[in-house]
Amino acid sequence: MRGAGLLLRLVAAAALAAAAAVEARFVVEKNSLMVTSPTSMRGRHDSAIGNFGVPQYGGSMAGTAVYPKDNADACDAFDGDRQFRAKPGALPNFLLIDRGSCLFAKKVWNAQNAGASAVLVVDDKDEPLITMDLPREDDEAAKYIQNITIPSALIDKKFGEQLKKAIKDGEMVNVNLDWREAVPHPDDRVEYELWTNSNDECGPKCDMLMNFLKDFKGAAQLLEKGGYSQFTPHYITWYCPQAFVVSKQCKSQCINHGRYCAPDPEQDFSTGYEGKDVVVENLRQLCVFKVASESKKPWIWWDYVTDFHIRCPMKDKKYNKKCAETVIKSLGLDVKKVDKCMGDPNADSDHPLLKTEQDAQIGKGSRGDVTILPTLVVNNRQYRGKLERKAVLKAICAGFEETTEPNVCLSDEIETNECLNDNGGCWQDKAANVTACRDTFRGRVCECPTFNGVQFKGDGYSNCEPAGPGKCLINHGGCWHETRNGKTFSACQDSGNGKCQCPAGFKGDGVKKCEDIDECKEKKACHCPECNCRNTWGDYECTCSGELLYIKEHDTCISKTAVQAKAAWAAVWGILIVLVVVAAGSYVVYKYRLRGEEQRKEKSRVEQIEAEEELKEKTKSREDQII
């Protein structure tokens with residue numbers, strides 16, 4: 001391992017020497033800081049954008065500068081409950097703090113927790129402005145770096161001392177941070193590039209990069225499909241000094257005879273993956289972009305790198321060619337074209353793509369050299385700030401002239417509609433019309449769905465199986481099933497442990513095969529001496545010899561005479577019951593009719609009496625009239 005460390009230092013020295021030979025340059029990205037009060041200090045000043053937090057690209061921010069009485073370097077947490085949080089209706093507080101004693105990121109973190117809206121760090125040296133960079137990936141700051149959400153900037157010592165004096169004298173110091181010109185916008189298309197890496201075992205920075213790729217994919221693809229942007233991925237490589245090309249260390253970290261190298265992922269040459277594995281996968285990703293671009297679909301690169309990270313991680317020992325080609329095929333790309341682009345990694349010659357990548361690492365124009373990963377460049381200006389979807393999208397959108405921004409810059413409520421093309425490379429069951437592809441703003445996601453109340457489980461890419469109650473309604477839950485002569489048997493069961501289990505009368509694994517059990521041959525039925533067994537599909541039939549009948553419930557044969565006698569008695573009893581029912585019914589009808597006839601006679605008699613009485617009354621009335 002001492003030899004490996006020495007070699008790494010030699011490689012670094014060689015890289016620095018090469019950079020010096022081409023006049024390497026490191027460009028500090030700046031934004032404008034305007035003092036609006038007091039009047040005596042009014043004017044514009046430069047400030048260097050911090051390489052963490054969230055700069056307000058394309059916008060501006062006004063606030064009041066505040067200098068703490070204690071803990072002026074902000075290396076310790078501030079006392080009190082968010083003491084620098086602005087009161088309702090007041091301007092936000094920009095905390096002015098001194099450089100030194102601890103990491104830049106820790107200062108900003110403590111200021112954010114104390115309620116500050118932005119941080120201005122005063123340099124402690126008379127020197128040109130520098131970029132406040134991220135801490136080393138193994139530093140304690142890696143624990144909180146991703147949670148810094150406020151902008152920060154470094155200002156020069158002289159200007160900072162003037163601000164501190166004005167604050168101590170009781171002056172109200174109002175400043176305005178302006179990021180509107182931090183990203184140039186020369187035309188109606190934004191060009192941006194991301195220097196990245198396929199290694200997923202390099203600590204917090206790798207995790208941050210991979211999370212960004214997945215989150216930003218949807219927006220990136222929309223911008224590219226709409227012709228609003230031109231994206232280019234890049235990969236950093238180093239070369240091995242000529243004197244060490246044949247060494248074990250160089251052979252494990254490099255391809256093309258030491259021309260293109262990457263550090264060992266585990267920093268241990270005796271275990272795990274090697275640096276050359278990373279270089280090969282980086283090259284494959286470059287070739288995926290090249291082949292996709294030739295087919296007028298460069299945005300497929302985003303699908304490949306995110307899917308490869310999910311499906312082929314180092315920790316699962318799947319970081320290899322076989323897994324990579326599975327992803328390539330799922331996205332509809334030609335594997336042979338990708339292989340042809342990659343060429344022979346053992347060739348003692350330059351590779352055109354990797355040679356171009358090494359040349360591109362040297363800064364040009366307003367962009368400095370690329371020396372750290374990840375690095376994002378927008379319109380040839382290096383992005384400073386948190387590598388997070390909304391922050392980066394804002395920086396890219398700042399590259400458009402005002403009022404010319406595409407819709408993706410104006411609203412988050414959008415979808416990418418990737419599932420319309422080849423189902424997005426996700427699993428689907430065409431017969432059941434079920435798919436694992438789901439469109440979101442972050443791009444298409446391959447997740448096993450819930451369909452008609454049935455939850456599917458699996459990786460979402462090559463496999464999804466129904467699980468839980470109701471699963472047998474969807475293609476028999478992926479279990480064996482067969483239909484013969486209109487009769488269907490299935491190995492799917494909603495209850496129990498949920499596994500496929502052959503139904504009664506069958507045996508097998510329940511998934512691919514269930515074979516009919518020959519109950520007759522295996523002596524599982526028709527055990528009585530007089531029984532004759534015949535096997536049928538999924539069942540059996542038993543008959544009895546002579547004048548006997550088979551009773552399945554008791555697995556026995558009985559005499560037909562006994563059966564006939566029982567049947568005769570049953571018939572007699574049936575006839576008697578029918579007669580009784582008929583007699584009872586007839587009696588009821590008779591009683592009903594008799595009662596009705598009596599009621600009619602009584603009614604007629606009453607009507608006759610009433611008629612006679614009425615006639616008598618009429619006769620008497622006439623007699624009275626005559627007399």
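The exercises below work through a predicted model of a protein.

**Exercise 1. State how much of the protein scores at least 70 in pLDDT, and where pLDDT stays under 50.**

Solution. Start with the average: the pLDDT of the protein averages 81. A score of at least 70 is reached by 84% of the residues. Next, look at residues 1–26, over which pLDDT stays under 50. For this stretch the model has 36 contacts beyond four places in sequence.

**Exercise 2. Describe the protein by its secondary structure, burial, contacts and surface.**

Solution. Count the elements: the protein has 12 helices and 28 strands. Then take burial, where 44% of the 627 residues count as buried. For contacts, consider those between residues at least 6 apart in sequence; 62% of them join residues at least 24 apart. Finally, the accessible surface comes to about 34,400 Å², and 51% of that belongs to carbon and sulfur atoms.

**Exercise 3. Work out which strands stand at the edges of the sheet that contains β8 and β12.**

Solution. Write down the order of this open sheet of 4 strands, which is β9-β8-β12-β13, with mixed pairing. β9 (229–235) and β13 (381–382) each have a single partner strand, so one side of each is left without a neighbour in the sheet and both stand at the edges. Now examine the β13 end: β12 and β13 pair in the antiparallel sense over 2 bridges. In β13, R381 is the bridge partner of V378.

**Exercise 4. Determine how far helix α11 is covered, and by what.**

Solution. The helix spans residues 389–397, and 7 of its 9 residues are buried. These are R389, A391, V392, L393, A395, I396 and C397. Their cover includes two strands of the sheet in Exercise 3, β8 (190–196) and β12 (375–378), together with helix α4 (204–225).

**Exercise 5. Identify the residues that touch the most other members of the largest nonpolar core, and list the contacts of Y304.**

Solution. The largest nonpolar core holds 60 residues, and Y192, F216 and Y304 touch the most other members. Set aside the neighbours of Y304 within four places in sequence; its contacts are then E281, R284, Q285, V288, A324, V327, I328 and L331. A second core of 23 residues is separate, and F104, A105, W109 and L154 are among its members. In soluble globular proteins, nonpolar side chains tend to be buried together.

**Exercise 6. Establish which residues cover the two sides of strand β6 in the count of buried positions, and how β2 and β5 pair with β6.**

Solution. Strand β6 covers residues 152–155, with S152 and L154 on one side and A153 and I155 on the other. All four are buried, so both faces are covered. Turn to the partners: β2 (residues 43–49) runs antiparallel to β6, joined by 2 bridges, and I49 has A153 as its bridge partner. β5 (residues 118–122) pairs with β6 in the parallel sense over 4 bridges, and V119 stands opposite S152.

**Exercise 7. Trace the sheet of β18, β19 and β20, then describe the span recorded by UniProt as EGF-like.**

Solution. The open sheet has the order β18-β19-β20 with antiparallel pairing. β18 (450–451) and β20 (464–467) have a single partner strand each, so one side of each lacks a neighbour in the sheet. β19 (residues 454–458) pairs with β20 over 4 bridges, among them that of G458 with C464. As for the record, UniProt (unreviewed entry) places the feature "domain: EGF-like" at residues 500–514. This span is 0% helix and 13% strand, and its end C-alpha atoms lie 10 Å apart.

Notes:
Residues numbered from 1 in each chain as written. Predicted model: local features only at pLDDT ≥ 70, side-chain atom pairs only at ≥ 80, totals over all residues. Heavy atoms only, no water. Buried < 20%, exposed > 50% of the residue type's maximum accessible area, 1.4 Å probe, protein only. Contact = heavy atoms within 4.5 Å. Areas by Shrake-Rupley, 256 points an atom, 1.4 Å probe, with all protein chains shown as cover. UniProt positions renumbered as here; feature names shortened; annotations may be inferred. Pairing = 2+ DSSP bridges. pLDDT = per-residue confidence, 0-100. Core = buried A, V, L, I, M, F, W, Y, C linked by side-chain atoms within 4.5 Å.
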